[in-house]
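Student: I am new to this structure and would be grateful for a close look at a single part of it. Please begin with one residue and then place it in the setting of the chain.

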Amino acid sequence: MSGNEVKLANGRRWTAQQFVDHYLSARIGGTPTPVGDAPAPIPVDMPWYMAHGPGRFYHPGMFPIVNEIIDNRKLAPGTYDLWKLAPKNKEDPAVKATISNYTTEPFSADYKTRALVFGNESARISGQVVVNQDGSKTFKGVEIKPLDSNFDFERNTRNYLLEAAREAARRYYDPRNQGITFEIPYRGLGRLDDPLPDSGIGRIYHPFTDSQLKAALCNPASTPPGLLPSFTAAPPPAIKEHLRHLDQTGGNGPKAAAPSVGGGPTAAPSANRNPLPSDIGNWVASLAGVDPANPMLPQQGTSIGGDSSKQRLLPPWVFFGSP
């Protein structure tokens, strides 16, 4: 959350003071019935929120459904949807987790902005779990998405110290109590399988086992953001171009010529008349786990072509489900 600024869905960045100014911008008046409009919703960029904002503190171990599944020794081998294992599906408390930006990492550089703008928030987890024959569990396609929030100074907890601090903030920023609540929805680029183009993606996890989650929880200081390997950016636009390319070629790329009998020279492969753009080539190479600069070599670490400044792109299960 660099510079104590919040990235909005339209790409702009707001300070905490701009959120306060927006909260105070409505002019509601008139008697006996007040009239006027509440401040417009301010959509926040979901990938930014999950990668650099308050959403970075969420992880699978915070959600009751995950721990219930891990502890459940009666689940028969098979694949289960996390929501279907919860009595109330996606609305069940077991698939939700909360964070309090008032108490989470109070010494971080962005603490004041998180506490003032976001306060207490919730997120929902989705995905699948595969129960293996030996009873171990593998979680696949897991995604954590924040639930829409709002901005105000209203009392909403039973924590007297917290509410006293909130009331002090209201008296400082809104001494006349004229502010009007406004919504903070989380939006972004939609997934390829999502009919809503602005619904965004949250933090999506690579497959992980119950033992991997337990190990990460035991040593959180050595884990990446989100606790386990995950991804927060939208899928590269080149994916659609790649899919069209596969349709045109029938899913088969150029084949290398077979070596000649007796170990003689091999025939050169035919030239590719429609080479893939570099971004698509890098994506395809990342799926295969090879270095795009030299397909004969494995991909180096988690980077593309050994360049640690570039994050390795995700495999296709992230966007299309497991094969």
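Tutor: Let us take Asp110, which has a relative accessible area of 3%. Buried means under 20%, so Asp110 counts as buried. The model is a predicted one, and each value below is computed from it. In the sequence, Asp110 belongs to the loop that runs between β5 (96–100) and α4 (111–118). The side chain of this buried residue has a polar partner: the side chains of Asp110 and Arg56 make a polar contact at 2.9 Å.

The setting of this residue is a chain of 323 residues, 38% of which count as buried. Nine helices and 17 strands are found in the chain. Among contacts with a separation of 6 or more, 64% are between residues 24 or more positions apart. The accessible surface of the chain amounts to about 18,600 Å², and carbon and sulfur atoms contribute 54% of that surface.

A word on confidence is also needed. Across the chain the mean pLDDT is 76, with 66% of the residues at 70 or more. Over residues 251–277 the pLDDT stays under 50, and the model has eight contacts beyond four places in sequence for this stretch. Residues 283–290 also have a pLDDT below 50, and the model gives them 22 contacts beyond near neighbours in sequence. Where pLDDT is low, the predicted coordinates should not be read in detail.

Conventions
Residues are numbered from 1 along each chain as its sequence is written. This is a predicted model: local features need pLDDT of at least 70, side-chain atom pairs count only at pLDDT 80 or more; totals for chains, interfaces and linings use all residues. Side-chain values use heavy atoms; hydrogens and water are left out. Helices (H or I, at least four residues) and strands (E, at least two) are DSSP runs, numbered from the N terminus. Buried means under 20% relative accessible area, exposed over 50%, partly exposed in between (1.4 Å probe, protein chains only). A polar contact is a pair of N or O atoms within 3.5 Å; within protein, one must be able to donate a hydrogen and the other to accept it, and residues adjacent in sequence count only if both atoms are side-chain atoms. pLDDT is the predictor's confidence in each residue, from 0 to 100. Contact means heavy atoms within 4.5 Å. Accessible areas come from the Shrake-Rupley method with a 1.4 Å probe; for residues, only the protein chains shown count as cover.
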